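Biologist: I've got a chain here that I'd like to talk through with you. Could you pull it up so we can go over it together?

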Amino acid sequence: MSGVKVVRRYARALYESSAEEGILDVAKSDMEFIAKLVSEVPEIRSFCMNRHSINSEREFINTAINPYVSEATSRLMDAICENGRLSAIPFLPEAFRSQEDIENGLTPLIIETVNQLSEETVSEIEKKMSARTGKKIRSEIRINKGLIGGFRLTWQNRRIDISLKGRLKTLKTLLK
């Protein structure tokens, strides 16, 4: 089974068990903690991505994560450790958020632009993308100076690139 499927299964299991127990907000907070931990401490991400003995992985989980998360998330971390899937941990928060989007009927949309967009522009993009996808949109704005100008939209493995960089790339391909 591919790593992506494994991470999605763990995320779905946590989401469903947390929803059943009525602690979805707690699980969401746990995922925010793990995302912050992995992004701010590169050694943790590195540890997760490399194989270690089961004892050192258990010690890692029991020291770095379990004391700071809920019982439901702690059980999931123990299962991840027992199954030798520590490499799933850095990707778990995003997979959990994706599962939440699925449950709420949302489509995540990444809007990349050179400069910050106005609220009206973001709202207009969301409205048009909602009409295109037939779902509600949850947008995330990312500043990308490499685009030179314009913007790029990414959702569900699809992309609309109307950036200057994208247009120059298309022009270059056409001229070859």
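Biologist: What pattern does the chain follow, read along the sequence?

Modeller: Keep in mind that this is a predicted model. The chain has eight helices and four strands. Read along the sequence, they come in the pattern α-α-α-α-α-α-β-α-β-β-β-α.

Biologist: And what does the C-alpha trace span along its principal axes?

Modeller: The chain has 176 residues, and buried ones make up 35% of them. Among contacts with a separation of 6 or more, 68% are between residues 24 or more positions apart. Along the principal axes, the C-alpha trace spans about 55 × 40 × 30 Å.

Biologist: Let's go inside. Which helix gives the most to the largest nonpolar core?

Modeller: That core has 29 residues, and the ones touching the most other members are Phe60, Ile61, Ile65, Met77, Ile80, Ile89 and Leu92. Helices H1 (3–21), H2 (24–40), H3 (42–49), H4 (54–65), H5 (71–82) and H6 (92–104) each put in at least two residues. The biggest contribution, six residues, is from H1.

Biologist: Take Met77. Which residues is it in contact with, once neighbours within four places in sequence are left aside?

Modeller: Met77 is one of the core residues that touch the most other members. With those sequence neighbours set aside, its contacts are Ile34, Ile61, Ile65, Asn66, Ile89 and Leu92.

Biologist: How many residues are in the other core?

Modeller: That other core lies apart from the big one. Its members include Leu109, Leu117, Ile125 and Leu153, and the count is nine residues.

Biologist: Now the pockets. Which element gives the largest share of the lining of the largest pocket?

Modeller: The largest pocket holds about 890 Å³ of space. Two or more lining residues come from each of H1, H6, strand E1 (106–113), strand E2 (136–143) and strand E3 (150–155). The largest share is seven residues, and it comes from H6.

Biologist: Which residues lie nearest the centre of that largest pocket?

Modeller: There are 31 lining residues to pick from. By class they split into twelve nonpolar, nine polar and ten charged. Nearest the centre of the largest pocket are Arg8, Glu94, Ser98, Pro108 and Asn157.

Biologist: What about the second largest pocket: how do its lining residues divide by class?

Modeller: The second largest pocket has a volume of about 220 Å³. Its lining is Lys28, Met31, Glu32, Ala35, Pro90, Pro93, Glu94, Phe96, Arg97 and Glu100. H2 and H6 each supply at least two of these, and the lining divides into five nonpolar, no polar and five charged.

Biologist: Pro93 is in that lining. Is Pro93 buried or exposed?

Modeller: Pro93 is found in helix H6. Leaving aside neighbours within four places in sequence, it is in contact with Met31, Ile34 and Ala35. The cut-off for buried is under 20% relative accessible area; Pro93 has 13%, so it counts as buried.

Biologist: How far apart in space are Pro93 and Glu112, C-alpha to C-alpha?

Modeller: In sequence, the two are 19 residues apart. In space, C-alpha to C-alpha, Pro93 and Glu112 are separated by 21 Å.

Biologist: Staying with Glu112, which residue is its bridge partner in E3?

Modeller: E1 and E3 run antiparallel and are joined by four bridges. Within E3, the residue that partners Glu112 is Arg152.

Biologist: And which residue in E4 is the bridge partner of Arg152?

Modeller: E3 also runs antiparallel to strand E4 (residues 158–163), with six bridges joining the two. In E4, Arg152 is partnered by Asp161.

Biologist: Last one: which residue takes a positive phi in the hairpin of E3 and E4?

Modeller: That hairpin has two residues between the strands. The positive phi is near 40°, and the residue that takes it is Gln156.

Definitions and conventions:
Residues numbered from 1 in each chain as written. Predicted model: local features only at pLDDT ≥ 70, side-chain atom pairs only at ≥ 80, totals over all residues. Heavy atoms only, no water. Core = buried A, V, L, I, M, F, W, Y, C linked by side-chain atoms within 4.5 Å. Buried < 20%, exposed > 50% of the residue type's maximum accessible area, 1.4 Å probe, protein only. Contact = heavy atoms within 4.5 Å. 1 Å grid on protein atoms, 1.4 Å probe; cavity = no way out; pocket = protein on both sides within 12 Å on 5 of 7 lines; lining within 4 Å. Points joined across faces, edges and corners; volume = space filled by probe spheres on them. Nonpolar A, V, L, I, M, F, W, Y, C, P; charged D, E, K, R; others polar. Pairing = 2+ DSSP bridges.
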